[in-house]
Amino acid sequence: MKATLPNQGRHRPQSTGAQIVETAQLFQAVEEVLVATPIIDIHTHLFSPSFGKLGLWGIDELLTYHYLEAEFFRSSPTTPEQYFALSKTQQADAIWRALFVENTPISESARGVVAVLKAFELPTDSLDLAEARAFFQTQSLEDHIQRVFGIAGISLVVMTNDPLDPEEAPAWLNGAREHPQFRAVLRLDKILRHWAAHWQVLAAQGYKVDAQASGKSAAAVQRFLFDWYERMHPMYMAVSLPDTFFYPAETLGNHLLAEAVLPSCRELDLPLSLMIGVRPQANAALRLAGDAVGRADLRLLENLCRTFPKNRFLVSVLSRENQHELCVYARKFSNLMPFGCWWFMNNPSIVEEITRERIEMLGTSFIPQHSDARVLEQVIYKWSNTRRTLAPILSNAYRLLAEDGRGVTRNDIQRDVTRLFRSNADSWMNLNGH
Ligand code: RAT
Ligand code: ZN
C-alpha cells in the first residue's frame, strides 16, 4: 500500500481554511503577534501612583537597581559601606561612571538602562546624567505610566503588597485608590518566614496570636488574611522561600502554611505563588543585592500538590538546576503552574534554555515570564528582551511542527501567544472576578 505523506498543502483540510504561514514567514509572523499582544505582567514590585514614593521611577532609580549595584562592586573600588552612605543621586552617578562610562554596558541589566534611555530618545553615551534627569523630572506620573505601558506593550501589572510593611500598610488603611492597570498581591514572607519578628504586630492589631503560633493563632492569621483580602483584592498570595525550604517538615512556617494560608487560598479561590531557591543575605553588606541562589529539593512541590489538590500553586524556581524538575512536576500536577525566569535566571541564554524546555514538555500550559520590575521603566527593556528571546524559540517550534506535518495559521500563533502571556494568568487568577 502506498504510504500517505503528511499533509503538505497550504490549506488545512477540514478546518477554517485559514492560510498556513509559510516556513520562511514564521519568524516574522511570531514577532508581529508578540508585539501586538498586550502582556499581563504577573509579578512586579511596582506600585500605582496612590502609593506615593513607594513607586520607583526615573534614571536614578534605574541606575541604583540592586542588580546593577551587585555589578558595580565588581567594577569599582567603592566599598558597600561607602556606597550606602552616599545620596541616591551620588549612587546613581557612581554607577553610571563605573558601568556605563568606564566600562561598556554589555551585561543584561546595564544594557536594559541603555534600552530605556533609547526609548525616550535620551543620550546613551553621555558623560553625565544631566539630560536624563531633566527629562524624568518633567514627566507627570500618570501620563508617564501610560507611555511606559504603551512602549512595553503591557496592559496590566501585578504588584507585590506587604500588609506588614510599615510604609505600605498605612497607604492601604487610608484607602489607596484602585488603579485599573495595577493589581495587588498579598505577600506573606513576614508571616511564613519571619514570624518571630512580626507576630507582635498582628497581636497589637487585635489578632489573638502568640510567638509559637499555637492554639488559635492559625485561625487568627486566617482572619488577618481575610481582612487584607477585603482591602487589597489580591490576585494571589505569595511567598519567596529559601533553597532549604521543605514540606512537610515540623516548622512554624509550615504549620501556618497548612493551617492558615492554604485554607484561606481555597476559600478565597486564590492561587499561592511560591518563589523557591533564595539563599538570603549570602553577603549582607550588599543589602538587597546580597542574596544568592541554592538548589532546592523540589519533592516539596510533589508533596504540596498532592496533599492539597484543591489549591493552585504558581511556582518559579531560582536555581537553573531546578528548572527541569519543575517541568516534570507540572506534567504530574495540573494544580501547578510554572511561571517566569526569575532574577538570576532572567538572562537571554538561560531564558532560552528554560523556555525551550517548557515548550517541549508543557506546550503552552505555562506562563513564560514576569518582569520583576522594581522601577517603572524597567518593563520597557524586560519585555522587549522577552519578545526578542521568545520569537525565535516559538517560530522554531512551529517550524519543527510544520516539518512533522502540521503547519500553523496566524490564528494558531495568536491563540498560543494569548494563552502564554494573557489567558493562563487570567484563568489562574480570575483577573476580573476578584
Ligand atoms: O528579583 C528581585 O528583585 C528580587 O530581589 C526579589 O525581589 C524577588 O523577585 C522577590 O520577589 O522576592
Ligand atoms: Zn520579585
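**Group meeting: a zinc site, a pocket and some backbone details**

Let me start with D372. At 6% relative accessibility, D372 counts as buried. Keep in mind throughout that this is a predicted model.

What does D372 do here? D372 is a ligand of the zinc ion (ligand 2), through OD. Its partners at the metal are H43 and H45, each through NE2. The distances run from 2.0 to 2.1 Å. Now look at the spacing in sequence. The donors follow the pattern H-x1-H-x326-D. H45 sits in the loop between β1 (39-41) and α2 (59-63), while D372 sits in the loop between α16 (348-362) and α17 (378-403), so this pair ties together parts that are 327 residues apart in sequence. Is H45 buried or exposed? The cut-off for buried is under 20%. H45 comes out at 16% relative accessibility, so H45 counts as buried.

H45 takes us to the next topic, the pocket. The largest pocket has a volume of about 1,300 Å³. How many residues line the largest pocket? There are 40. H45 is one of those nearest the centre, along with H66, D165, L288 and R374. Which elements give two or more residues to the lining? They are α3 (66-75), α4 (80-84), α5 (88-101), α10 (189-192) and β6 (272-279). Of the elements, α3 gives the most, with three residues. As for chemistry, the lining divides into 16 charged, 14 nonpolar and ten polar residues.

Next, the sheet. Recall that β1 comes just before the loop that holds H45. Three strands make up an open sheet, in the order β1-β2-β3, and the pairing is parallel. The edge strands are β1 and β3 (182-183). Each of them has a single partner strand, so one side of each is left without a neighbour in the sheet. Zoom in on the β1 pairing. Strand β2 covers residues 154-158, and β1 pairs with β2 over three bridges, in the parallel sense. To find your way on screen, pick I40. I40 stands opposite L156 in β2.

Now a helix, α11, residues 195-204. Which residues of α11 are buried? W195, H198 and L202. Seen down the axis of α11, these buried residues fall within an arc of 85 degrees, so they line one face of the helix. Why does such a pattern show up with this spacing? An α-helix has 3.6 residues a turn, so residues three or four places apart point the same way. Turn to the other side of α11. There, A196, A197 and A204 are exposed.

Last, three backbone details, in loops. Where is the cis peptide bond? It runs from Y247 to P248, with omega near 0 degrees. P248 lies in the loop between β5 (237-242) and α13 (252-268). Then D269. D269 is not a glycine, yet its phi is positive, at about 60 degrees. D269 is found in the loop between α13 and β6. At 38% relative accessibility, D269 counts as partly exposed. R287 is also a residue other than glycine with a positive phi, near 55 degrees. R287 lies in the loop between β6 and β7 (292-293).

To recap. Zinc is held by H43, H45 and D372. H45 is also among the residues nearest the centre of the largest pocket. And α11 has its buried residues on one face. Thanks, that is my tour.

Methods:
Residues are numbered from 1 along each chain as its sequence is written. Chains are lettered from A and ligands numbered from 1 in the order in which they are written. This is a predicted model: local features need pLDDT of at least 70, side-chain atom pairs count only at pLDDT 80 or more; totals for chains, interfaces and linings use all residues. Side-chain values use heavy atoms; hydrogens and water are left out. Donors are N, O and S atoms within 2.8 Å of the metal (3.2 Å for Na, K and Ca); water is not among the atoms, so sites may look incomplete. Helices (H or I, at least four residues) and strands (E, at least two) are DSSP runs, numbered from the N terminus. Buried means under 20% relative accessible area, exposed over 50%, partly exposed in between (1.4 Å probe, protein chains only). On a 1 Å grid over the protein atoms alone, a cavity is a set of points where a 1.4 Å probe fits but cannot get out, and a pocket is an open set with protein on both sides within 12 Å along at least five of seven lines; lining residues have an atom within 4 Å of a point. Grid points are joined across faces, edges and corners, and a volume is the space filled by probe spheres set on the points. Ala, Val, Leu, Ile, Met, Phe, Trp, Tyr, Cys and Pro count as nonpolar, Asp, Glu, Lys and Arg as charged, and the others, Gly among them, as polar. Two strands pair if DSSP finds at least two bridges between them. The arc is that of the directions from the helix axis to the C-beta atoms.
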